[in-house]
Amino acid sequence: MSNKGDLRRPNRFVISADSGALKRIANLAQLSTGSDIALVCVFDKFRAGAGLHDELNNEELELVLTLCSRSVRHHELLQIQDLRNTVETPAGGWDKTMPSLGSFCGAPIWVSGVRIGTVVVVSNDKRRLDDYETAMLTNLAQLAADQIDSARALESAQGKHFRAQQIFQEISDGVITVNEFGHIRRINRAAENIFGHNADDIKGQRITLNSQQGLVLVSSPGEKRGRLPNLKSLVGERHTIGGRHADGRALALDMTVAEVELQDELAYVLTVRDTTELHAAQMLLSQHSFIVEKTESAVLVTDSSQRIEWCNPGFETISGYTLAEIRGQCAVKLLWSEDTSKPVRKRVQSAIGEKHSYNAEMIWLRKGGQPFWIALDAHPICDVNGELVKYVALGFDITERKRSAQMKSDFVSMVSHELRTPLTVISGTIEAMADGIAGPMPELADELLTMAMRNCTSLATLIEDLLDINQLEAGVVKLNSRQFSITELMEEVKQSMHSIAEEARVALRLEHCDDEPMVFSDRDRLNQVVTNLMSNAIKFSPPDTTVTLRCTTQNDTVSISVTDQGPGITHEFRPKLFEMFARDPAVEASGKEGFGLGLCISKGLMDRMGGEIGFESSEDGGARFCVSLPLLGSQPPTGTPTHQNVTDDLLESGQA
Amino acid sequence: MVEAIAERTTGTKPRTRDLDKLSRVLIIEDTPDIRNLLRFLLQSTGIQVMAVGDGKSALELIECWPAPDVILLDRMLPYVDGDELLRAIRQEPTWAHVPIIVVSAKAQSEEIAEAMAAGATEYITKPFSPMHVMKIMEKHLP
């Protein structure tokens, strides 16, 4: 048997000094049998053993232990009367003669049906135990068995306790044991981490547990702790409560309470789980899902091939579809209307193709085919490999906005047109009268007619300006672009300003640049802008000063500047200069005419033409306004047609 | 319909024109006051004036009347609008050569371009100056 060798090793037999009971049994065995040596050997994992072996040398001990191991394999008592003449030797070799030892007797110890050791007596002489002695030995073996059994039970209980202790420390939930008055008995490592306290520092402290503060292990100095609730009433249920970390941070906790009896004292075990982060994440999630669910904006999620995966109630309301109806359908086929302008559709398609995010105002179709305007803000979501997984699009129904913008634009346009008709009659009549068609006018009437005429002109200007503003705002200003010479345009403007300048006693100076700059733009619109700048300059120029119209080129840009020698623009007014109806109070007080629309329109037109407008004004007076446009042949700004398109445009408009 | 066919000069500034060679101008304008103002202006300079107030009447006129020397045309007209009239006039053999001065409240450059493409000779925006109208008119009268 292989374990025989094991049994021989002395270190397998720990003859425990503290197993007093086994020692006493060995003592009793020695005394009751009158033997020289007695041993209680236990060969199991408990390694318990006791004996009187002081007289044995190592070799003898080895022999005895070997005998023990033999005896333990015997069902009954094993008695060897003459050790010296015993010829049987166990396999593994045992041929030593042991002159000092005479006889041996061992009784097996049975624990739970297993022999785990023996009670052994050895005498120096050869002898045989009588019945009383063997019975004694057998009974002592039984006593040892009982002893070992209870020792095992105890050890097992201790092991369990140890394991419980280990679990107590290693478990990820915080465990806080308090007595019935809330004084901390012990807390585990997880609880230390959750609350940021050291177990040793807070033992014996009274916890705070109430609905306001939640669970606080250590109250701040001077803090009112409030009454502790009846812990018994908390037992059994899971409680979601707040709490406070040692650093003051608020905690979210899940807590269960168990009642235990600990060392004759009633105690409560609070098991807490830190749900602060989970709670925060859940709050954020519920916040987001609330927004997505409740918002009137549409949220539409499509997969990589534009099939609808999900939509929110906002989208359902706007589109008239339910999610179930449209899930899996192609958004482009289902929703897109042909009425969306081609360039917009193309731009969105290519953005999707290139996995870019995009913004677009499109016409989509409701359930039933009714069109609606939607402003989209869409973002691609790609996986780690950069593969497009889905598009999330946020949409606003802008049908009403589009409609009211159109209505407003139509209204202004209509009113302006309608205003022109009576104005035409009034101004025409007045002019005809002033012209003497109805006979010569008295001098006073002539003056009155001049005044009426002047106001007709300014009303006509206002109507024109309102129309321009309206069109710029509605974004419907169409440009009639063609190629033309800046020099010629400047000559023309100067010519048209001649009489006004003369009346104001302002000299006009024209400074051309060396080359003949050509641009591709709307000539009439540029004329309008430069005329506006010139008329402003003349209006603000004192008599006998000069207004200079200058042209310069730099790189790919041509600039036309209008410089006056007037008072300049006040510091306060500069930021508002290009705003609608912006008028400097100082100018207004001086009685100079104007509606504050000219520069606003000029800026709008320059933006539309892809040019720029700016100004300089020094404190010493004088103002310089400058507009610039890309020169013909330079890189056209985005949106302007290329040369091929130019010809087409000209042919179409009949201006070729 | 046709409101006036020929009226003698009534103005205080009679222009020295041969009565037999009176120029004839057709006014097509739906606003009565503007129509009357234009008529007044022209007649004061000794021009024969015909005036109609809508596009349909104008079309009838084109079919059965001899061509005038100049046409003053509004664009926004009831029934048949000015641009359509422009094209109709340009297709009527006896009328096709007549200079047409469009007088309109439409002042956007692309709107003007549309009228020019439809066959307008001149374009005057409303509100107009009577002197300006007369100046343009003189250019095209025989």
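These notebook entries follow what I looked up about the contact between two chains and about one hairpin.

I noted at the start that this is a predicted model, in which local features need pLDDT of at least 70 and side-chain atom pairs count only at pLDDT 80 or more, while totals for chains, interfaces and linings use all residues. Residues are numbered from 1 along each chain as its sequence is written, and chains are lettered from A in the order in which they are written.

**Entry: the interface**

I looked up contact (heavy atoms within 4.5 Å) and found 27 residues of chain A touching 24 residues of chain B. The buried area (accessible area, 1.4 Å probe, that two parts lose on being put together, summed over both) is about 2100 Å², with 60% given by carbon and sulfur atoms. Of the area that chain A buries against chain B, A:Thr424, A:Glu431 and A:Ile437 supply 26%, more than any other three residues.

I then searched for salt bridges (a side-chain nitrogen of Lys or Arg within 4 Å of a carboxyl oxygen of Asp or Glu), and the rule finds 0 across this interface.

**Entry: the side of chain A**

Helix 13 (399–434), helix 14 (443–474) and helix 16 (523–539) of chain A, numbered from the N terminus as DSSP runs of H or I with at least four residues, each give two or more residues to the side that touches chain B. Helix 13 of chain A gives the largest share, 11 residues.

**Entry: a hairpin**

In chain A, strand 13 (residues 298–303) and strand 14 (residues 308–311), which are DSSP runs of E with at least two residues, pair in the antiparallel sense over 3 bridges, where pairing needs at least two bridges found by DSSP. I saw that A:Leu300 has A:Cys311 of strand 14 as its bridge partner.

Definitions and conventions. Heavy atoms only, no water.
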